[in-house]
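Work through these exercises with the sequence and the 3D view side by side. Try each task before reading its solution.

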Amino acid sequence: MQRIYYAGDHFLTGTEIGNALVSYAAALAQRGTAGAIEIPVRHEDDGRAAVVNFLVGPASQIMTEEIESRDGEEVRDDELVKRLRVLTAELAPMHPMASHTPIDREDSVGYDWTDEV
């Protein structure tokens, strides 16, 4: 279980959800953009479930803390975690990858650049 600290308040959520949220916030911050995401939480005082809409981005001051769950029940939302991971991956910088496929010189197009001068 994780406690999310955000905007002067705190909320309980599952470990996977908390980790995915922080990764998404970091990816948004690297891009200089923001996004809103709804996260299932449990209120610490009375244990009731709720959904909180977090606005995350470059100015977000968000952190999580690993805590022991009192009732042993972790907040889970596998679809949300999957969606956050996809959104985070989409924000990752593009890096060119080297091709390990050998170039067939017979199939390459040959130009004689002096023909058009």
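Helices, of at least four residues, and strands, of at least two, are DSSP runs numbered from the N terminus. The model is predicted.

**Exercise 1. The fold in outline**

Count the helices and strands of the protein chain, then write down their order.

Solution.
- Step 1. The count comes to 2 helices and 5 strands.
- Step 2. Along the sequence, the pattern reads β-β-α-β-β-β-α.
- Step 3. Now look at contacts between residues at least 6 apart in sequence: 66% of them join residues at least 24 apart.

**Exercise 2. Surface and interior**

State what share of the protein chain counts as buried, and what area the chain exposes.

Solution.
- Step 1. The cut-off for a buried residue is under 20% relative accessible area.
- Step 2. The chain has 117 residues, and 31% of them count as buried.
- Step 3. The exposed area is about 8,500 Å². Carbon and sulfur atoms supply 51% of that area.

**Exercise 3. The largest nonpolar core**

Find which residues of the largest nonpolar core touch the most other members, and which elements supply the core.

Solution.
- Step 1. The core holds 25 residues. Those touching the most other members are L21, I37, I39, F54, V56 and I62.
- Step 2. At least two core residues come from each of β1 (2–6), β2 (9–13), α1 (15–31), β3 (35–42), β4 (49–56) and α2 (78–91).
- Step 3. Helix α1 gives the most, with 7 residues.

**Exercise 4. I39**

Decide whether I39 is buried or exposed, and list its contacts beyond four places in sequence.

Solution.
- Step 1. Place the residue: I39 is in strand β3.
- Step 2. I39 has a relative accessible area of 0%, so I39 is buried.
- Step 3. Leave aside neighbours within four places in sequence. I39 then contacts I4, T13, I17, L21, A50, V51, V52, F54, L80 and L84.
- Step 4. Take L21 from that list. L21 and I39 are 18 residues apart in sequence, yet their C-alpha atoms are 8.4 Å apart.

**Exercise 5. Two residues of helix α1**

For I17 and A27, both in α1, find the relative accessibility and the contacts beyond four places in sequence.

Solution.
- Step 1. I17 stands at 1% relative accessibility, so I17 counts as buried.
- Step 2. Beyond four places in sequence, I17 is in contact with I39, P40, V75, R76, D77, L80, V81 and L84.
- Step 3. A27 stands at 7%, so A27 counts as buried.
- Step 4. Beyond four places in sequence, A27 is in contact with T88 and L91.
- Step 5. Check a spacing: 31 residues along the chain lie between A27 and P58 as their separation, and their C-alpha atoms are 9.1 Å apart.

**Exercise 6. A7**

Find the sign of phi at A7, and say where the residue sits.

Solution.
- Step 1. A7 is in the loop between β1 and β2.
- Step 2. Its phi is near 50 degrees, a positive value in a residue other than glycine.
- Step 3. Most residues other than glycine have a negative phi.
- Step 4. A7 has a relative accessible area of 65%, so A7 is exposed.

**Exercise 7. The largest pocket**

Give the volume of the largest pocket and describe its lining.

Solution.
- Step 1. The volume is about 160 Å³.
- Step 2. The lining has 14 residues, and L12, R42, E44, R70 and D71 are the closest to the pocket's centre.
- Step 3. By class, the lining divides into 3 nonpolar, 3 polar and 8 charged residues.

How values were computed: Residues numbered from 1 in each chain as written. Predicted model: local features only at pLDDT ≥ 70, side-chain atom pairs only at ≥ 80, totals over all residues. Heavy atoms only, no water. Core = buried A, V, L, I, M, F, W, Y, C linked by side-chain atoms within 4.5 Å. Buried < 20%, exposed > 50% of the residue type's maximum accessible area, 1.4 Å probe, protein only. Contact = heavy atoms within 4.5 Å. 1 Å grid on protein atoms, 1.4 Å probe; cavity = no way out; pocket = protein on both sides within 12 Å on 5 of 7 lines; lining within 4 Å. Points joined across faces, edges and corners; volume = space filled by probe spheres on them. Nonpolar A, V, L, I, M, F, W, Y, C, P; charged D, E, K, R; others polar. Areas by Shrake-Rupley, 256 points an atom, 1.4 Å probe, with all protein chains shown as cover.
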